[in-house]
Amino acid sequence: MAQGFSKKNQSSVDSAYRFGDFELQPRERLLKEGGVAVPLQPKAFDALLCLVRRAEHLVSKQELTDTLWPAVHVSEANLTNTIVNLRKIVGRDAIRTVSKHGYRFELPVTGEPGVARSAYERFARAKELTAQRSLESMSLARDLYWTCLAEDPGFAAAWAWLGRCCWFLDKFSGGSSANVELAQAAFHRAFALDPDLVSAHQFYTLVQVDTGRADEAMGRLLERLEKHPGEPESFAGLVQVLRFRGMLEESTEAHRRAVKLDPAMVTSVAHSMFLAGEYASAIESYSGRAAYYLDAAAWAALGNKKRAIALLRERLEKMPLSRLMTALMSSLLALLEGRAEEAVGWMETADMTREPEILVYFARHYSRLKMGDCAVRALQQARECGFVCSAQTLQSDVWLNAVRKHREFGALLRSAEARVEEARAGFRVSTVFG
């Protein structure tokens, strides 16, 4: 595909980071505003470059200090003064302070050195579509990433975002295996181009946990946090990974650390809280984002069936949903409205190949319908696919009463406890959580 682009397009590779009216040219060590050079001290230039390269991500004070004053001890006031001076040039709101931890560059970056401008424009639009998280928007985003990469095949971030898109489409739309193969190839290419790319590590975690490799994901993220202890994205990834390994308390702690580093960081902690029986907290944490199933399930667990039904009915009628999400929500709605046969039908026809966590929710539905055999099988299948339902959930979730009465409950509980203890043994080796 890249050979189909004209020489004009291929020669329009940008030489600068672009944000607002500014151009930051690393090779020339030059900052321009509206095409006019802006005087900038060497340390201020280095700090701005470090922040812009990691735009929208936290850069720790330690990383900035090491970049600006390598092997030299300086007081924190030196860094503070550098940031103050930068804000006078690029704007007060351009650089956000993350209390006690560092800084984040907030302005949208619209160009990057070494990437064609047209490719970066497509990349930025594709990211906006990806954030919408619908099947339609993800399909459009995937095509834009492809076009972007055809023009610039060395764009590592675009490969990582393409992998994210393709994995989502495979997981929720089913059908062809092409998206799976493309996702794996995209991540492989992203890591080959930039082994330290934050977005690649963040998105690849989703692939690992959904394919039964949460143990590998945990090891990778803990190793990464040893090198980058101030990286909130890695703690956010651990929220999901640790839940998959049955470690709910540690999952919640990972969330606390992620949002302490970056208050704007979004994690999946609502699901960890739900499985811990903290339904009100799960509802509160789940709010403010695209809501589907979890808050309705939490209201049902709290005994507010009327509210749960209202939420599910409204969303099923108005929201474009994947087949899997439709099955999950419809089965709960049918259960709550006393249509047991229909609820079972939705669960039996759902494709769970890429979503072992939903098997736990289905187990709750089966158990509520007093179908203990089906509930136990769903929990066993979730375990074999890489999701360990914690002993805490098995012992305390009221909706799992039929499971606790089942003849295989003891073996199920012992297996969960053994797997969680094995996971914790590997977790304790790390110094990340102190």
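User: In this predicted model, how many bridges join strand β1 to strand β2?
Analyst: Strand β1 covers residues 17-19 and strand β2 covers residues 22-25, and the two run antiparallel. One of the pairs puts Tyr-17 across from Leu-24. The number of bridges joining β1 to β2 is three.

User: And what is the strand order of the open sheet of five strands?
Analyst: The pairing in this sheet is antiparallel. β4 (36-37) and β8 (109-111) each have a single partner strand, so they stand at the edges with one side lacking a neighbour in the sheet. Reading across, the order is β4-β3-β2-β1-β8.

User: Which strands stand at the edges of the sheet β5-β7-β6?
Analyst: This is an open sheet of three strands with antiparallel pairing. Edge strands here have a single partner each, so one side of each is left without a neighbour in the sheet. The two that fit are β5 (58-60) and β6 (95-98).

User: Which residue in β7 does Leu-58 stand opposite?
Analyst: β5 pairs with strand β7 (residues 102-105) in the antiparallel sense, over three bridges. Within β7, the residue opposite Leu-58 is Arg-104.

User: Which helix lies across β6 and β7?
Analyst: In the sheet itself, neighbouring strands are turned by 30 degrees against each other on average, ignoring direction. The helix lying across β6 and β7 runs at about 150 degrees to β6 and spans residues 76-90. That's helix α4.

User: Are α8 and α9 roughly parallel or roughly antiparallel?
Analyst: Helix α8 (residues 178-193) packs on helix α9 (residues 198-210) at about 150 degrees, with the axes 11 Å apart. Angles over 145 count as roughly antiparallel. The two are therefore roughly antiparallel.

User: How many charged residues are in the contact of α8 with α9?
Analyst: The α8 side brings Gln-184, Phe-187, Ala-190 and Phe-191, while α9 brings Ala-200, His-201, Phe-203, Tyr-204 and Val-207. By class, that contact has seven nonpolar and two polar residues, and the charged count is: no charged residues.

User: How far apart are the axes of α17 and α18?
Analyst: Helix α17 (residues 323-336) and helix α18 (residues 340-349) pack at about 165 degrees. That makes α17 roughly antiparallel to α18. α17 also passes α18 in a left-handed crossing. Their axes are 8 Å apart.

User: How many nonpolar residues are in the contact of α17 with α18?
Analyst: Among the α17 residues in this contact are Thr-326, Ala-327 and Leu-335, and they meet α18 residues including Glu-342, Trp-346 and Met-347. The contact has three polar residues and one charged. The nonpolar count is seven.

Methods. Residues are numbered from 1 along each chain as its sequence is written. This is a predicted model: local features need pLDDT of at least 70, side-chain atom pairs count only at pLDDT 80 or more; totals for chains, interfaces and linings use all residues. Side-chain values use heavy atoms; hydrogens and water are left out. Two strands pair if DSSP finds at least two bridges between them. Helices (H or I, at least four residues) and strands (E, at least two) are DSSP runs, numbered from the N terminus. Axes are lines fitted to C-alpha atoms, for helices over the stretch in contact, and angles run from 0 to 180 degrees between N-to-C directions. Angles under 35 degrees count as roughly parallel, over 145 as roughly antiparallel, 65 to 115 as roughly perpendicular and the rest as oblique. Contact means heavy atoms within 4.5 Å. Ala, Val, Leu, Ile, Met, Phe, Trp, Tyr, Cys and Pro count as nonpolar, Asp, Glu, Lys and Arg as charged, and the others, Gly among them, as polar. A crossing is left-handed if the near helix is turned anticlockwise from the far one by less than a right angle, and right-handed if clockwise.
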